[in-house]
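Reader: I am new to this structure and should like to understand the terms applied to it. Please explain the reasoning behind each one.

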Amino acid sequence: MHISLDMYQTLAIAVVILFLGTWLKKRIKVLETFCIPSPVVGGLVFAILSCILFATGVMEMNFDETLKNVCMIMFFTSVGFQANLKVLKSGGVSLLIFLVCVTTLIILQNAVAVGLSPFLGVDRIFGMCTGSIPMVGGHGTAGAFGPDLEGLGLEGATTLCTAAATFGLIAGSLMGGPLGRRLILKHDLLKTAVPVDDGPLVEDEQKHHRSVRGYAPAAYQIAIAMGVGTIVSWALTTVTTMNFPVYIGAMIVAAIMRNFSEFTGKFEVPMGEINDIGGICLSLFLGIAMITLKLWQLAALAVPLIVLLVVQAVLMFLFAYFVVFNVMGRNYDAAVLAAGSCGFGMGATPNAMANMQALTDRFVPSVKAYILVPIVGSMFADFINSITITFFINLL
């Protein structure tokens with residue numbers, strides 16, 4: 001039996017899945033420990049049920065994904081508004097160095113994934129499903145770029161990316177704390193832990209302020225960035241002959257709007273409200289993306305998927321241990337940064353913060369790490385990652 005749902009019914013089910021995921025996270029501690037998003041928790045339950053119904057020949061459900069694309073573009077537009085050049089400038093050399101480290105990691109993740117794919121007998125597009133799309137990008141980027149990879153001929157790409165992102169969340173959370181602890185104890189780094197006042201790195205607290213009157217301007221600015229972004233993406237595609245999705249242009253326009261506001265003061269960008277709207281859209285986007293997963297498409301690709309994901313975990317460990325730690329100063333702050341890198345390098349910024357929290361609770365605080373990781377992980381990593389992924393996809 002085939003059941004087709006329209007976009008309103010699809011949205012309603014996605015919201016129910018969000019509530020289910022939230023309910024399960026409150027009752028299953030390990031889900032909260034690994035910071036697995038509520039839409040992913042509820043969505044996996046639904047996807048498993050859907051897979052059972054399909055495998056037994058009872059039912060196959062088809063969903064309207066119109067609103068998924070809208071929510072995805074709105075989320076990435078809100079990410080574009082995070083790119084504040086004033087913060088980048090005020091962060092000094094340490095922020096720039098850490099940003100270069102993250103950019104290098106993004107390139108390596110894609111290069112390794114694409115390079116190993118032929119040796120495993122799978123297409124390079126398959127390899128992209130285990131690169132920086134699910135690793136640095138997490139579930140949001142996985143759901144966004146999955147359809148693009150499917151458009152290139154890889155059936156079930158969204159399912160593969162989502163599975164890889166879930167693996168990354170767990171692996172990144174498991175390796176970060178032990179890695180940081182080993183570095184601290186092996187090199188006796190506690191003697192290098194010196195409290196530093198990095199107040200200037202913290203963005204103006206006004207961005208955290210919420211006002212009912214601010215949500216309308218926030219929604220309007222997102223809409224403008226999305227609309228103009230379509231033109232920018234078209235222009236970039238025309239000029240470079242590379243394929244730039246709509247959300248790339250939207251992110252660029254949003255970043256321009258944000259920095260024009262910061263440097264001229266001509267208008268205000270209500271960042272608190274934009275963050276809220278982006279968060280809501282991300283949850284809805286993930287909810288719809290998860291209920292449309294077709295887990296049965298993973299069966300034939302299980303072995304190469306596992307191999308590539310294990311290689312990504314090893315790459316992340318080696319990069320954090322030997323590159324991030326050494327480049328960032330070989331001190332206590334560098335060790336905590338290495339642990340945090342495992343979090344958002346294979347999952348999301350909350351995982352990075354959880355890794356660092358575990359270390360600082362055991363030892364002493366690291367102000368520098370607590371400032372650099374959220375800034376790079378939340379404000380710049382997704383922006384750089386999206387552009388890098390687009391470049392790699394166009395090379396395939």
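The exchange below takes up the whole chain, then two helices, then three residues in loops.

Author: Please note that this is a predicted model. The secondary structure of the chain comes to 16 helices and two strands.

Reader: How do you know that the radius of gyration of the chain agrees with that of a compact globule?

Author: A compact globule of 396 residues would have a radius of gyration near 21 Å, and the chain has 21 Å, so the two agree. Along the principal axes, the C-alpha atoms fill a box of roughly 65 × 50 × 45 Å. Of the 396 residues, 53% count as buried. Of the contacts between residues at least 6 apart in sequence, 79% join residues at least 24 apart.

Reader: What makes the length of helix α9 agree with expectation?

Author: Helix α9 covers residues 157-186, and at 1.5 Å a residue its 30 residues should span 44 Å. The end C-alpha atoms of α9 are 42 Å apart, which agrees.

Reader: Why is α9 called largely enclosed by the rest of the structure?

Author: A residue counts as buried under 20% relative accessible area. In α9, 21 of the 30 residues are buried, so the helix is largely enclosed by the rest of the structure.

Reader: What can be said of helix α12 in these respects?

Author: Helix α12, residues 271-291, reaches 30 Å from its first C-alpha to its last, close to the 30 Å expected for its 21 residues. Of these residues, 15 are buried, so α12 too is largely enclosed by the rest of the structure.

Reader: Why is serine 366 called buried?

Author: The relative accessibility of serine 366 is 1%, and the cut-off for buried is under 20%; serine 366 therefore counts as buried. This serine lies in the loop between α15 and α16. Apart from residues up to four places away in sequence, serine 366 touches Tyr332, Asp333, Val336 and Thr360.

Reader: Why is aspartate 188 called partly exposed?

Author: Partly exposed lies between the 20% and 50% limits. Aspartate 188 has 44% relative accessibility and therefore counts as partly exposed. This residue, in the loop between α9 and α10, has a positive phi of about 50° although it is not a glycine.

Reader: How do you know that arginine 330 is partly exposed?

Author: The relative accessible area of arginine 330 is 42%, which falls between the limits of 20% and 50%; arginine 330 is therefore partly exposed. Arginine 330 is placed in the loop between α13 and α14, and its phi is near 50°, a positive value in a residue other than glycine.

Conventions. Residues numbered from 1 in each chain as written. Predicted model: local features only at pLDDT ≥ 70, side-chain atom pairs only at ≥ 80, totals over all residues. Heavy atoms only, no water. Helix = DSSP H or I, 4+ residues; strand = E, 2+ residues; numbered from the N terminus. Rg over C-alpha atoms; globule rule 2.2 N^0.38 Å. Buried < 20%, exposed > 50% of the residue type's maximum accessible area, 1.4 Å probe, protein only. Contact = heavy atoms within 4.5 Å. Expected span 1.5 Å × (residues − 1).
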